[in-house]
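Work through these short exercises with the structure open beside you. Take each solution one step at a time.

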Amino acid sequence: IGDCETAALVDKKGSIDWLCWPDFSSEACFAALLGTEEDGYWKIAPESDISATTRYYREHTLILETVFEDDSGAVRLTDYMPIRDQHSAIVRVVEGIRGSVKMHMELALRFDYGRTIPWVTHFDGGIRAVAGPNLAILQSTVPVRGENLKTVAEFTLNEGEQATFALRYGNSYRPEPRPIHHETAIAHTEKYWQKWSAQLKYEGKYQEAVERSLMALKAMTLLPTGGIVAAVTTALPESIGGQRNWDYRYCWLRDSTFTLLALTNAGYFTEAEAWQSWLLRALAGSPDQVQIMY
């Protein structure tokens, strides 16, 4: 999931294990993907053993929906990042679909790639976490508490009931970001991605897969500048146990060219124009000193 300025990776068990905040190139505050849970994660899942998991994106959007089933019923977890106006945020909504399911939420914010545990204070409806210039505010519709340097919650959802969590980023030395209103945020996010998807000119075999792939590429485009990252991750080896690894949160000129070729072939030209402007700024006054990445 992403907001075209950074992105988070969500695993099949409902855990966000990677997020660089507030930008693609920022230090990670959830880095369990590279290390262990001690390096930061945010998990929402049933307390009991899960018997089945189904995941899909909401049609024509980057809104992820995960359905968990256990012996007591089923719930739907909806994850998305609103296209930001000023501050970045992640919204996670759990809905009861069937039966009565006991849920567990664990939030372990670890800034600086897992090295920094934030100073956490509670307020009515959530927590405030500060680590140097970084500020993260969790607003929750269920009670949360501190436990072993984590923020946790237990709650039960019956059919038709809902629990909402919104984690938003800001700077600790500036005014706090405004609260997230889920209904407004998800409507705006859905409209943004549906409008973008509607521009697709490709009609043919595997159209749905083509649209989904292009949307992933769009999510790796930095909206304010037009730059395109090769991937949202860093420090993952090319092969398991291998020595070669790269920081793909750079704009590699070759990779960007392939990305833009795919987008323009599908009818998306705004991204190409923005990237061209980015490239001219990156080259500045010495195009003979062009680099392979920026």
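Trp252 is buried, with a relative accessible area of 10%. The model is predicted, and the exercises start from this residue.

**Exercise 1.** Classify the aromatic pair that Trp246 and Trp252 form.

*Solution.*
- Step 1. Take the distance: the rings are 5.5 Å apart, centre to centre.
- Step 2. Take the angle: the planes are at 85°. An angle over 60 degrees counts as edge-to-face.
- Step 3. So the pair of Trp246 and Trp252 is edge-to-face.
- Step 4. Check the partner: Trp246 is partly exposed, at 32% relative accessible area.

**Exercise 2.** Classify the pair of Trp278 and Tyr294, then place both residues in the chain.

*Solution.*
- Step 1. The ring centres lie 5.9 Å apart.
- Step 2. The planes are at 85°, so this pair is edge-to-face.
- Step 3. Trp278 lies in helix α4, and Tyr294 in the segment after α4. They are 16 residues apart.
- Step 4. Trp278 is buried at 12%, whereas Tyr294 is partly exposed at 25%.

**Exercise 3.** Is Gln276 buried or exposed?

*Solution.*
- Step 1. Locate Gln276: helix α4, residues 270-283.
- Step 2. Its relative accessible area is 51%. Exposed means over 50%, so Gln276 is exposed.

**Exercise 4.** Which residues have the most contacts inside the largest nonpolar core?

*Solution.*
- Step 1. This core has 37 residues.
- Step 2. Trp42, Met105, Phe155 and Phe165 have the most contacts inside it.
- Step 3. Look at Phe165: it touches Trp42, Met105 and Phe155, among others.
- Step 4. Look at Trp42: the charged end of Arg92 sits over its ring, 5.2 Å from the centre.

Notes. Residues numbered from 1 in each chain as written. Predicted model: local features only at pLDDT ≥ 70, side-chain atom pairs only at ≥ 80, totals over all residues. Heavy atoms only, no water. Core = buried A, V, L, I, M, F, W, Y, C linked by side-chain atoms within 4.5 Å. Buried < 20%, exposed > 50% of the residue type's maximum accessible area, 1.4 Å probe, protein only. Contact = heavy atoms within 4.5 Å. Helix = DSSP H or I, 4+ residues; strand = E, 2+ residues; numbered from the N terminus. Phe/Tyr/Trp six-rings, centres within 6.5 Å; stacked < 30°, edge-to-face > 60°. Lys NZ or Arg CZ within 6 Å of the ring centre and 35° of its normal. Lists of a residue's contacts leave out its neighbours within four places in sequence.
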